[in-house]
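Hi there,

Here's the structure I promised to pass on. Have a look at it first, and then read my notes underneath.

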Amino acid sequence: MNQTARLSLSTCWLSHRHTDGEAMLKEVADLGFAYVELGHGIPLTLVPGILSAVEKGIIKVSSTHNFCPLPPGVMEPSPNYYEPSAGLKSGRAQWVRHTLNSIAFAKRVGADRMVAHMGSLRFFFGDPSRSLQDFIKDKTVEELAADKTFPARRDRLLKKMRKAAPKHYKRIRECLEAIKASAEEAGVRIGVENRDWLMELPLDADMAEFFKSVEDLPFVGSWHDVGHSRIKERLGLANVSDMLAATDANRLGFHLHNVSAEGRDHNGLLLEGGTVDFPLVQKHIRPDQAVVLELSKRVSPQDVIASRLFAQKLIDEAPSASS
């Protein structure tokens, strides 16, 4: 039997309305999914039911998303609660501690990959991206392209960010080294996700260089979020085709959702429609990857099913499926 990419639904769509982890995963299975991604909004109270569902074979776990489960006392989705890029050593130690817990949990539920965020740039005098964020708010791609001041504003910020990035990458590297032994022993690879916020790391312009710098850490791979890359592309901060090519060699999976003309993602859109170039994404889907629907909680069950069928067709008709 030929291997195919694992199509999965992230629990970000439904975990907020469940108090029983087994009932939550049964709902995912009843929508036609053989796999689930346990997202970064799983409180400890859902863990017993999740373990029961996995033990009973109700569904398989394709992947988890750090931090999973949430750290004690944290009740909301909080993937950036601790950051490996943090300036304080104590903050980085907390990221390592809770990431190790997440790795152990991933192994326990049978997942061989875990999505993780790598933190963000921090400046002593606030957030230099704020003015640009306010400037681009609600503007379409066409409006930004017509604004002659935008490229200069964007490029000044990018130059400042790239100058500050190396010390942050050094901290990230140290944190990845700290989890290396545990990740390799558990057989869990870490999928570094491209991000939507301007200040999050790795910077899109540094993506190829970042993954080259961690080639000696084979448990580290890439994870491509199609919505995030589309948001950055509309700002001229990334080229989706180039980003996909730069991270092809070690990609562990995809997050699929869509983006409106105003640059908003996770907004209730179906996969079909919106501005994401799914035919381009399809060219990069491989059988060894997880393809995860990361849908807004506002999406209806019927639209989840429609998106599942759309994604399955992407997988079935991907060039790698016939090779």
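Gly274 is partly exposed, because its relative accessible area is 49%, and partly exposed runs from 20% up to 50%. One thing to keep in mind here and below: this is a predicted model. You'll find Gly274 in the loop that connects β7 (251-256) with α10 (278-282). Try locating Thr19 as well: 255 residues separate it from Gly274 in sequence, and the C-alpha to C-alpha distance in space is 33 Å.

Now for another glycine. Gly21 belongs to helix α1 (residues 21-30). Is Gly21 buried or exposed? It counts as buried, because its relative accessibility is 1% and the cut-off for buried is under 20%. Setting aside neighbours within four places in sequence, Gly21 touches Leu46, Gly49 and Ile50. Val115 is 94 residues from Gly21 in sequence, and in space the two are 20 Å apart, C-alpha to C-alpha.

Val115 brings us to the strands. It sits in β4 (residues 113-116), where Arg113 and Val115 point one way while Met114 and Ala116 point the other way. Here's the background: in a regular strand, side chains alternate between the two faces of the sheet. All four of those β4 residues, Arg113 included, are buried.

Which strands does β4 pair with? On one hand there's β3 (residues 60-65), which runs parallel to β4 and is joined to it by two bridges. His65 has Val115 as its bridge partner in β4. On the other hand there's β5, also parallel to β4, with four bridges between them. For Met114, the bridge partner in β5 is Ile190.

You can keep going from there. Strand β5 (residues 189-193) is mostly covered, with four of its five residues buried. Another four bridges link β5 to β6 (residues 220-225), and these two strands are parallel as well. Val192 is bridged to Ser222 in β6.

Met114 also turns up in a helix story. Thr99, part of helix α3 (residues 89-108), is in contact with Asn66, Phe67, Met114 and Ile179, once neighbours within four places in sequence are left out. Thr99 is buried, because its relative accessible area is 1%.

Next, the cysteines. A disulfide is a covalent bond between the sulfur atoms of two cysteines. How many disulfides does a search of the whole structure find? Zero. Take Cys68: the nearest cysteine sulfur belongs to Cys12 and is 12 Å away, so Cys68 is in no disulfide, because a disulfide needs the two sulfur atoms within 2.5 Å. Cys175 is in no disulfide either; for this residue the nearest cysteine sulfur is that of Cys68, 20 Å away. Both cysteines are tucked inside: Cys68 counts as buried at 0% relative accessibility, and Cys175 counts as buried at 3%.

Last, have a look for the largest pocket. Rolling a probe the size of a water molecule over the atoms shows where empty space is left. The largest pocket holds about 620 Å³ of space. Its lining is made up of 28 residues, and Cys12, Ser15, His40, Gly41 and Pro77 lie nearest the centre. Sorted by class, that lining has 13 polar, eight charged and seven nonpolar residues.

Happy exploring!

Key: Residues are numbered from 1 along each chain as its sequence is written. This is a predicted model: local features need pLDDT of at least 70, side-chain atom pairs count only at pLDDT 80 or more; totals for chains, interfaces and linings use all residues. Side-chain values use heavy atoms; hydrogens and water are left out. Buried means under 20% relative accessible area, exposed over 50%, partly exposed in between (1.4 Å probe, protein chains only). On a 1 Å grid over the protein atoms alone, a cavity is a set of points where a 1.4 Å probe fits but cannot get out, and a pocket is an open set with protein on both sides within 12 Å along at least five of seven lines; lining residues have an atom within 4 Å of a point. Grid points are joined across faces, edges and corners, and a volume is the space filled by probe spheres set on the points. Ala, Val, Leu, Ile, Met, Phe, Trp, Tyr, Cys and Pro count as nonpolar, Asp, Glu, Lys and Arg as charged, and the others, Gly among them, as polar. Contact means heavy atoms within 4.5 Å. Two strands pair if DSSP finds at least two bridges between them.
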